[in-house]
Amino acid sequence: MTSNDPDTYLDLSEDRAEATNGSWFRDIRNAAITLTGWSFGRRGEISRIDMASGRRAFVLIGLALGLVAAVAAWIGDSLGVYAFGAAVFATITVVSLTNAQAEGGVAAAAADLAGATVGSDKRAIVISGSVAAVLLLRIAALTALTPLSTMLAVYTAALILSCSAMALATLAGLESDEEPLFLHEGSGRVWISGFAAILLAIIFLGFWTAFLAAFISLLVGTLVWACGGMLGLQRNRDLLYAIRIKVELAVLLTVVAVN
């Protein structure tokens with residue numbers, strides 16, 4: 001009998017969840033789908049269960065994005081446009097690879113905070129302005145990080161820590177109109193991935209700078225989460241993406257200030 005499960009052809013159907021529980025292939029793929037929006041061979045929208053199962057692999061996707069962005073930045077620098085060109089190339093690469101999901105999420109959260117209704121001119125203006133502000137701030141922060149090796153290391157660490165912060169934020173439990181988005185199952189794996197993110201950050205930033213960046217990541221993520229609740233924002237995927245972007249920018253600006 002043919003199954004309608006979009007994962008059946010990959011041997012990842014829900015009725016085989018026990019057999020595939022803990023599969024790194026499954027988790028990495030689900031994390032990649034969540035963070036980039038690409039299907040990676042999956043048919044249909046990713047479920048909440050699958051999205052939750054990939055949380056421990058968010059840090060690996062952040063690392064992959066950082067490494068690809070580093071290559072793009074190196075290409076930009078080699079073309080003779082130096083720090084600014086490298087920053088632009090790295091930014092465009094990450095936005096393209098992730099389908100601007102995080103930028104769109106933080107912009108949607110800003111529009112909700114501004115009380116802009118869906119389809120209104122005000123919402124379009126707020127979203128456009130928010131996306132532009134994120135991109136310009138990222139490029140400015142990256143341009144201030146010299147030499148090129150420092151820029152590449154810091155941006156990779158920022159992506160690692162921001163993706164990890166996004167995963168950790170899910171442990172507080174998210175809301176939707178239908179059902180809780182995440183439960184606490186697998187929380188131990190998420191915490192382990194958080195410690196792995198710190199170890200990776202140490203490799204790229206050095207011991208003390210990495211710990212400062214990790215502290216800032218937790219602080220900013222907590223503040224965004226708490227403020228979102230106090231301001232009446234729905235704790236959904238848009239808020240998660242807002243945490244990722246704001247943590248990323250906070251890490252970049254922290255290292256710029258330290259340097």
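**Notes on the aromatic cluster, helix H4 and a few backbone oddities**

1. Let me start with Trp208: this residue is exposed, with a relative accessible area of 69%. Keep in mind while looking at the side chain that this is a predicted model. The cut-off for calling a residue exposed is over 50% relative accessible area, so Trp208 qualifies.

2. Which ring does Trp208 pair with, and how? Its partner is Phe207: the ring centres are 5.0 Å apart and the planes stand at 90°, so this pair is edge-to-face. Angles over 60 degrees get that label, which is why 90° falls there. Phe207 itself is partly exposed, at 45% relative accessible area.

3. Phe207 has another ring to deal with, that of Phe211. Here the centres lie 4.8 Å apart and the planes meet at 45°, so the pair counts as tilted. Both residues sit in helix H9 (residues 207–230), four residues apart, and that puts about one helical turn between them. An α-helix has 3.6 residues a turn, so residues three or four places apart point the same way. Phe211 is partly exposed too, with 38% relative accessibility.

4. Put together, Phe207, Trp208 and Phe211 make one aromatic cluster. If you go hunting for others, a search of the whole structure turns up two aromatic pairs. A ring of another sort of interest is Trp24: Arg56 lies over its face, 3.8 Å from the ring centre.

5. Now have a look at helix H4, residues 58–97. How far apart are its end C-alpha atoms? They span only 15 Å, whereas a straight helix of 40 residues would cover 58 Å at 1.5 Å a residue. Check Gly80 when you trace the helix: H4 bends by about 145° there.

6. The stretch just after H4 deserves a glance at the backbone. Asn99 takes a positive phi of about 55°, although this residue is not a glycine. Asn99 belongs to the loop between H4 and helix H5 (101–113), and is partly exposed with a relative accessible area of 38%.

7. Ala100 is in the loop between H4 and H5 as well. Its phi is near 55°, again a positive value in a residue other than glycine. Ala100 is partly exposed, at 28% relative accessible area.

8. One more backbone point: which peptide bond is cis? The bond joining Thr146 and Pro147 is, with omega at about 0°. Pro147 lies in the loop between helix H6 (121–143) and H7.

9. Moving along into H7 (residues 148–169), we come to Thr156. Is Thr156 buried or exposed? Buried, with a relative accessible area of 1%. The cut-off for buried is under 20%, so 1% meets it.

10. What does the Thr156 side chain do for a polar partner? One of its polar atoms lies 2.8 Å from the backbone oxygen of Leu152. Leaving out neighbours within four places in sequence, Thr156 is in contact with Leu63, Gly66, Leu67 and Phe204. Leu63, Gly66 and Leu67 fall within the residue range of H4, so if you are viewing that helix, Thr156 is a handy residue to display alongside.

Definitions and conventions. Residues are numbered from 1 along each chain as its sequence is written. This is a predicted model: local features need pLDDT of at least 70, side-chain atom pairs count only at pLDDT 80 or more; totals for chains, interfaces and linings use all residues. Side-chain values use heavy atoms; hydrogens and water are left out. Helices (H or I, at least four residues) and strands (E, at least two) are DSSP runs, numbered from the N terminus. The expected span of a helix is 1.5 Å times one less than its number of residues. The bend at a residue is the angle between axes fitted to the seven residues ending there and the seven starting there. Rings of Phe, Tyr and Trp (its six-membered ring) pair if their centres lie within 6.5 Å; planes under 30 degrees apart count as stacked, over 60 as edge-to-face and the rest as tilted. Buried means under 20% relative accessible area, exposed over 50%, partly exposed in between (1.4 Å probe, protein chains only). A charge sits over a ring if NZ of Lys or CZ of Arg is within 6 Å of the ring centre and within 35 degrees of the ring normal. A polar contact is a pair of N or O atoms within 3.5 Å; within protein, one must be able to donate a hydrogen and the other to accept it, and residues adjacent in sequence count only if both atoms are side-chain atoms. Contact means heavy atoms within 4.5 Å.
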